Amino acid sequence: MVESISLAGLRTGCSFATLPRGFYAQVDPRPLREPRLLHANPDAAALIGLDAAALRSPDFLALCAGSGRLADIPPLATAYSGHQFGVWAGQLGDGRAHLLGDVQTPAGVWEIQLKGSGRTPYSRMGDGWAVLRSSVREYLASEAMAGLGIPTTRALALVASSDPVVRETVETAAVVTRLAPSFVRFGHFEHWSHSHHEQQALLDYVVEHWYPDCRDRVGGETDPSTMACRMLAAVARRTARLMAQWQLVGFCHGVMNTDNMSILGLTLDYGPYGFMDAFQADHICNHSDTAGRYAWNAQPAVARWNLYRLAGSLRVLGCEVPALESSLASFEADFLAAYRDGLARKLGLDAWRADDAELEEGWWGLLHAQRADFTLAFRRLADVDRDADAWLALFADPEPARAWLDRYRVRLAEQGGDADARRIAMRQVNPVYVLRNHLAQRAIEAAQQGDATEIDRLLTVLRDPYTERPGFECYACPPAAGEPVVPVSCSS
Ligand code: AMP
Ligand code: MG
């Protein structure tokens, strides 16, 4: 018997179910065996109006363990397709995710989705499960990105179980409950590339809910191809900004397939992602990505490539190629504007000037050549007037670092301004804590013993990563020399 859960009067619905039947399958999650609420996230809960008491209720555990329904809403798995590693992969879909419905709040709508909750008609060869290891990683990364101010899906709860799951070894199953205004992906549009009626329905749905400005305000119906091009341009703008934000914190997604690209410009589907420790421009975080398609320095270009696949799927609506191309024409300029603006702030520059490109190249070249720590190199630069030695200590050979610093100081002297104000501003945009792989790994190993205190401690620093906390110094440190590197791959 599936229980219907109201969770203290939330205003619930399921807008995705208004789409034609081909968009989804109604399918119940498979309840986890011996479910245990390993962690619940009060920050995400507050977004949908749940308080701490609600998170402790048996109803909440049932919902997040796959044994309850949100109100009486039938859970859905949605259909999508996509390009994986540059190749058309055909139909994919929610193979292990269930959309429970959405919650309307004064600040907007949040969909609630379970991930790792059992097989669906889109599971293909998969078992429908997610292992605890990858679920902890998704849970932590969502909140790390939110703390950094980067658009992302959110993580509401993490439920562990005793269900065995076979990967390289036998592990146990877990479910992450995620929140997002929408989980629609580029791949949802690609799925309907040859179906005018469905593509139009999807466009209408996405525009109505999230891109209302793409419709003409007056004068009746907007032509679908015009609306599609406007939406594409808006998605491209959001994606360009997202790429700038990823680059500036050293985040590598790892699997930027078109089915993992959010139509809202959110970071979506955390798998073999990584925040860089030692900077390497062509760093590959995913061990399954042997060719480096999704290396750090490839991400903005891949995003653009993915936007072209989205554009192609809109042709069925009668969009002409030149119109689609012109919707994407400013992607590079938008990316560069956001990236340069962000980099200028991180370096404490008053604005980006044309001749700052040399300083920029010198910066990345220095970090790359010496494999300096990405996060600390920026953070300690804020304090370089007071403690240049701490910054220089990040470089095995301090001479090239000193030479760069000399140029940087000339640049700062040219702009003038108050050094203390600059230092404070730089500390507000250069995190001291990021979700380094070895920190996530410690939290995973504790969670595998049933201990969530490391998850909790990590979230404490990650939710406000710009503020140093006494007692949490080791969370700012790179892995110790010789600490085994944790390989992350598509196995999840
Ligand atoms: P991902 O690489 O996680 O983005 O997943 C690509 C596709 O494979 C999506 O359609 C997923 O739903 C599906 N998938 C991944 N893992 C599983 C699994 N264990 N069971 C069923 N489907 C899965
Ligand atoms: Mg995915």
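Helices here are DSSP runs of type H or I, at least four residues long, numbered from the N terminus. By that rule, Asn306 sits in helix α8, which covers residues 299–313. The model is a predicted one.

**Asn306 in helix α8**

Asn306 is buried, at 1% relative accessibility. Which residues does Asn306 contact, leaving aside its neighbours within four places in sequence? They are Phe186, Met256, Asn257, Thr258 and Met261.

**Domains**

The protein is split into domain 1 (7–183), domain 2 (187–339) and domain 3 (353–427). The centres of domain 1 and domain 3, taken over C-alpha atoms, are 42 Å apart.

**Magnesium site**

Ligand 2 is a magnesium ion. Two residues coordinate the ion: Asn260 through OD1 and Asp269 through OD. The distances run from 2.0 to 2.2 Å. Asn260 counts as buried because its relative accessibility is 10%, and the limit is under 20%. Asp269 is buried too, with a relative accessible area of 12%.

**Ile263 and its loop**

Ile263 belongs to the loop between β13 (251–252) and β14 (274–275). Being in a loop does not leave Ile263 exposed: its relative accessibility is 0%, so the residue counts as buried. Outside its neighbours within four places in sequence, Ile263 touches Val184, Arg185, Phe186, Phe189, Val206, Tyr211, Met231, Val235 and Leu310. Phe186 is one of these contacts, and Phe186 is also among the contacts of Asn306. Arg237 is 26 residues from Ile263 along the chain, and their C-alpha atoms are separated by 11 Å.

**Ser161 in strand β11**

Ser161 lies in strand β11, residues 154–166. Is Ser161 buried or exposed? Ser161 is buried, since its relative accessible area is 11%. Its side chain reaches the backbone nitrogen of Asp163 at 3.0 Å. Leaving aside neighbours within four places in sequence, the contacts of Ser161 are Leu32, Arg33, Glu34, Thr172 and Ala173.

**Aromatic pairs**

The structure holds 26 aromatic pairs. Two of them are set out below.

| Pair | Centre to centre | Angle between planes | Geometry |
|---|---|---|---|
| Phe16 and Phe23 | 6.4 Å | 75° | edge-to-face |
| Trp363 and Trp404 | 4.9 Å | 50° | tilted |

Why is the pair of Phe16 and Phe23 called edge-to-face? Its planes are 75° apart, and over 60 degrees counts as edge-to-face. Phe16 is buried, with a relative accessible area of 3%. Phe23 is buried as well, at 0% relative accessibility.

The pair of Trp363 and Trp404 is tilted, with 50° between the planes. This pair links distant parts of the chain. Trp363 is in helix α11 (residues 356–370) and Trp404 in helix α14 (residues 398–415), 41 residues apart. Trp363 is buried, with a relative accessible area of 0%. Trp404 counts as buried at 3% relative accessibility.

Trp363 and Trp404 also belong to a cluster linked by ring pairs. Its other members are Phe279, Trp296, Trp364, Phe374, Phe378, Trp391, Phe395 and Tyr408.

**Arginines over rings**

Arg137 lies over the face of Tyr273, at 4.2 Å from the ring centre. Arg293 lies over the face of Trp305, at 4.7 Å from the ring centre.

**Positive phi in two loops**

Most residues other than glycine have a negative phi. Phe85 has a positive value, near 50°. Phe85 is found in the loop between β7 (81–84) and β8 (87–91). With a relative accessible area of 31%, Phe85 is partly exposed.

Arg124 also has a positive phi, near 50°. Where is Arg124 placed? Arg124 is in the loop between β10 (108–115) and α4 (132–148). Arg124 is exposed because its relative accessible area is 53%, and exposed means over 50%.

Definitions and conventions: Residues numbered from 1 in each chain as written. Chains lettered and ligands numbered in written order. Predicted model: local features only at pLDDT ≥ 70, side-chain atom pairs only at ≥ 80, totals over all residues. Heavy atoms only, no water. Buried < 20%, exposed > 50% of the residue type's maximum accessible area, 1.4 Å probe, protein only. Polar contact = N/O pair within 3.5 Å; in protein donor to acceptor, adjacent residues only side chain to side chain. Contact = heavy atoms within 4.5 Å. Donors = N, O, S within 2.8 Å, 3.2 Å for Na, K, Ca; no water. Phe/Tyr/Trp six-rings, centres within 6.5 Å; stacked < 30°, edge-to-face > 60°. Lys NZ or Arg CZ within 6 Å of the ring centre and 35° of its normal. Domains from an automatic or database assignment.
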